Amino acid sequence: MSVAPAHPVVLNNHFARELPELAVEWQAEAAPDPRLLTVNDALAAELGLDPDWLRSPDGVQFLIGAAVPADATPVAQAYAGHQFGGLVPRLGDGRALLLGELTDDRGQLRDLHLKGSGHTPFARGGDGLAAVGPMLREYLISEAMHALGVPTTRSLSVVATGRPVYRETELPGAVLARVASSHLRVGSFQYAALTGDEALLRRLADHAISRHHPAAAQAANPYLALFEAVLAVQARLVARWMLVGFIHGVMNTDNTTISGETIDYGPCAFLDVYDPATVFSSIDSWGRYAYGNQPAIAGWNLARFAETLLPLLADDTDRAIAIATQALEGFPAQYEAAWTSGMRTKLGLPADSDAAPKELLDDLLAQLIQSHIDYTSFFRALGRAARGDTEPARGLFLDLAAFDGWLARWRALNPDPDLMDRANPVYIPRNHLVEQALTAATAGDMDPFDQLLTVVTDPYVERPGLDRYAEPAPESFGPYQTFCGT
């Protein structure tokens, strides 16, 4: 009698085992004609996965959740969330599954999670499916964010399913496999808090401490220390978004991670012309999640997190509120410190010094707005100015006298052009190039996507022949709008 070979992947089930109240065991839907579109060899190696096996028919079946290890426990995770300010008590993985956890080459647990794998009990009337374009968008932009040094979920693969997905039109379906430090969110805590089960809330907090912020376990008040740790990683994360010109587009509490990683690349995009009021998402008609609002929204989301933790912070509610409020009041200063340090680096100045006064930074941003200047390419041009060639930067401004005054003050601080080149990308996922790549991929041509991916995952080194990847969108591209991709 022949014996079937052992599955080459070992998946843990820590979340499903420790928090069954937040997990529904579920299976991915079968795909009629799965075809691998892209796979991340470097990430696979980090996770101890064989890229060649992932490309095999068995590997592709694994990447869509159709052939998981026999002892794996795929689950749809439960969570709540404030969506555009309104609380939805029951959201959850409507089209996603946590296959389990892998241990990476640093000994860290990493979630392996599918998106577009079919209807779950949280689907709320949706079909649970996803289209090729939005799944490739998340793959492309999450990997670009990783290359830019921004904490983020990662993308392992996109597999076309051979199943049509019906939105405004018929689209080819796909499943994304993504990797995260975990998928714990503020919304996870909101869901647990809404059950009224304090023991569940405490187990969730203990799980989060163990998984992400173990130093909190040694604190006098571990749950306050957890809150302070999440506040700190979110302050640094949103500062990184602002520094690279990233607009998330849907900063709901269910998209605010406990780990401090960026999650959910639905209607996201990058700034072109610098303007804090910039909104790309079609569903953000009021500009709640505009570029310039992102730090304040992060603080708002953290306030919602604090509310869930009140029963754990102190026995007396008033005392718990005072403790949480005092901690939360430190968020703006932490964000400002992270952003200011990053801006000094972008300007070639020591990150921990007072060499660049706030007035210098504010004056520069005001001039960028006034002259409608492309955010990313400006800082690379400014790097040339630090080497003595000021014309590429000066030529961007309408008020030359004002910019010359700023330039003189900045150059007197002896900026380091090499530091600037390490901090300011040449290449980002420019919106017009992303759309061109996704349109081609949806039609079956992956070459533009593959080329763009190669460029944006090495963003700081200028290379010959890639000029078009560094240029702003042509005027013919027109106003840009993104969509949620559901």
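What percentage of the 486 residues in the protein chain is buried? Keep that one in mind for a moment, everyone, and good morning.

A word of caution before the answer: this is a predicted model. In it, buried residues make up 56% of the chain. The chain is built from 19 helices and 11 strands. Its radius of gyration is 23 Å, close to the 23 Å that the globule rule gives for 486 residues, so the chain is as compact as a globular protein of that length. If you like to think in boxes, the C-alpha atoms fill one of roughly 80 × 60 × 40 Å along the principal axes. And if we take contacts between residues at least 6 apart in sequence, 72% of them join residues at least 24 apart.

Now let's zoom in on some helix packing. Two packed helices are described by the angle between their axes and by the distance between those axes.

My first pair is α7, residues 198-212, with α8, residues 222-244. Their axes lie 10 Å apart, at an angle of about 55°. The two helices are therefore oblique to each other, and their crossing is left-handed. Who meets whom here? On the α7 side we have Arg-202, Ala-205, Asp-206, Ala-208 and Ile-209, and on the α8 side Pro-222, Tyr-223 and Leu-226. Sorted by class, that contact holds 6 nonpolar and 2 charged residues, with no polar ones.

Staying with this region, please find Leu-312, which sits in helix α9, residues 294-313. Is Leu-312 buried or exposed? With a relative accessible area of 7%, under the 20% cut-off, Leu-312 is buried. Leaving aside residues up to four places away in sequence, Leu-312 touches Glu-198, Leu-201, Arg-202, Ala-205, Asn-221 and Tyr-223. You'll recognise some of those names: Arg-202 and Ala-205 of α7, and Tyr-223 of α8, also take part in the α7 contact with α8. Leu-312 and Leu-224 make a nice long-range pair too, 88 residues apart in sequence and 8.3 Å apart in space, C-alpha to C-alpha.

My second pair is α12, residues 358-371, with α15, residues 400-411. These pack at about 150°, with axes 11 Å apart, and α12 passes α15 in a left-handed crossing. From α12 the contact uses Leu-360, Asp-363, Leu-364 and Gln-367, while α15 brings Ala-402, Phe-403, Trp-406, Arg-409 and Trp-410. By class, that makes 6 nonpolar, 1 polar and 2 charged residues.

That's my tour, and thanks for listening!

Technical notes: Residues are numbered from 1 along each chain as its sequence is written. This is a predicted model: local features need pLDDT of at least 70, side-chain atom pairs count only at pLDDT 80 or more; totals for chains, interfaces and linings use all residues. Side-chain values use heavy atoms; hydrogens and water are left out. Axes are lines fitted to C-alpha atoms, for helices over the stretch in contact, and angles run from 0 to 180 degrees between N-to-C directions. Helices (H or I, at least four residues) and strands (E, at least two) are DSSP runs, numbered from the N terminus. Angles under 35 degrees count as roughly parallel, over 145 as roughly antiparallel, 65 to 115 as roughly perpendicular and the rest as oblique. A crossing is left-handed if the near helix is turned anticlockwise from the far one by less than a right angle, and right-handed if clockwise. Contact means heavy atoms within 4.5 Å. Ala, Val, Leu, Ile, Met, Phe, Trp, Tyr, Cys and Pro count as nonpolar, Asp, Glu, Lys and Arg as charged, and the others, Gly among them, as polar. The radius of gyration is taken over C-alpha atoms; the globule rule is 2.2 Å times the number of residues to the power 0.38. Buried means under 20% relative accessible area, exposed over 50%, partly exposed in between (1.4 Å probe, protein chains only).
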